[in-house]
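Here is a short tour for anyone who likes to keep the structure open while reading. Have a look at the view below, then read on.

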Amino acid sequence: VFNFSPGPATLPEAVLRQAADEMLDWHGSGMSVMEMSHRGKEFIGIHAEAESLLRELMGIPASYKVLFMQGGAIGENAIVPMNLIGKTGSADYVNTGEWSKKSLKEAKTYGKVSIAASGEASNFTAIPKQSEWKLDPNASYVHICSNETIGGVEYHWTPDTGAVPLVADMSSNILSRPIDVSKYGLIYAGAQKNMGPSGLTVVIVREDLMGHALPITPSAFNYKTQADADSMYNTPPTYAIYIAGLVLKHVKERGGMAAMQEHNRAKAKVLYDYLDQSRFFSNSVARDDRSLMNVPFQLRDAALDEAFLKGAQAKGMIQLKGHRVVGGMRASIYNAMPIEGVRALVQYMKEFEQQHG
Ligand code: PLP
């Protein structure tokens, strides 16, 4: 089966097999990872290895803390402003679609939020050019969503926000390509797309940005408190961290970020090339801003959506239904989706087009 879910999403088979092998007895400890104390030496080792692999793969500088938290990226929509907006009381948000809208709406509870730029005029099919951004030099941070999982737009460049820290929701494209972490003040991501199962939220935060939390910030969501406790102020999502560690090891063995980028570009090209020449299927995102992770596409006749999904399911291609906001289909093709999955999808699309076009 090829699983095109936007998240929780398909995981590398080798990782699932290893987890199954180790399920009842992790490395002769007599325990499942689920049964380990987070303060025991076994789990501390698992936790440290996952962090060190993430640091190595992403090239995270020593001046950044890596936090393994709970609450998801939607939790971070509140946790980020609670921790960072207090510096000046305001923040800039770039609105590129559904996920950035959610982020900026939530942030308004905690301070003054300005929309520095918006993709609304293009119905969120393009990322506003940096030259159109109106940045406030006194903002505490500038927030972007680096890949809009629903709309299928992705930044293929890093915004320059000067001295104001750049904050990115990277939930759906973290680990998909090399990035320069030093250009960001803070990166957060729910793990359930490219990194592992749901339940784990990764936060990568420059040390000097911590320590300005609003007094209302719950201790478990205070970055400084969690950083000082090595993410163990409260019980971390232990099993999700363990699986993320296996995924990270797998990604490293496959060649790391440069190899992922090549793999993801090749996959996306197969699908976009087909969409671009088809008169039956279409994708409306500006070419320069197309997501390599989430590819929404429409059938010329939406009345055929159900038949398309049913036929795909019969061929072992599942979870292709698009988000209700954009309708149609969406193929999420994260790191763990093999190119064979995308080729099989395109083959099926060709057949469907021949039949119904
Ligand atoms: N941000 C982005 C870009 C997402 O794709 C998602 C998807 O689930 C979320 C935020 C929400 O994350 P969570 O459900 O883990 O809170």
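## The annotated arginine

An unreviewed UniProt entry lists Arg39 under "binding site". In this predicted model, Arg39 sits in the loop between α1 (13-21) and α2 (41-58). Is Arg39 buried or exposed? Arg39 counts as exposed, because it has 9 C-beta neighbours inside 10 Å, and a residue with 12 or fewer is classed that way.

## Around the ligand

Now let us turn to the ligand. Its surroundings are made up of Gly7, Gly72, Ala73, Ile74, Trp99, Cys145, Thr149, Asp169, Ser171, Ser172 and Gly190. Which element gives the largest share of this shell? That is helix α3 (residues 72-84), which supplies 3 residues.

You may also like to know the chemical make-up of the shell. Polar residues number 6, nonpolar residues 4, and charged residues 1.

## Two domains and their contact

The domain assignment splits the chain into domain 1 (14-253) and domain 2 (256-356). Taken over C-alpha atoms, the centres of domain 1 and domain 2 are 27 Å apart.

How many residues of each domain are in contact with the other? On the domain 1 side there are 23, and these meet 23 residues of domain 2. The side of domain 1 that touches domain 2 consists of 10 polar, 8 nonpolar and 5 charged residues.

Terms used: Residues numbered from 1 in each chain as written. Predicted model: local features only at pLDDT ≥ 70, side-chain atom pairs only at ≥ 80, totals over all residues. Near = placed C-beta within 6 Å. Helix = DSSP H or I, 4+ residues; strand = E, 2+ residues; numbered from the N terminus. Nonpolar A, V, L, I, M, F, W, Y, C, P; charged D, E, K, R; others polar. UniProt positions renumbered as here; feature names shortened; annotations may be inferred. Buried ≥ 20, exposed ≤ 12 C-beta atoms within 10 Å, placed from the backbone. Domains from an automatic or database assignment. Contact = placed C-beta atoms within 7 Å.
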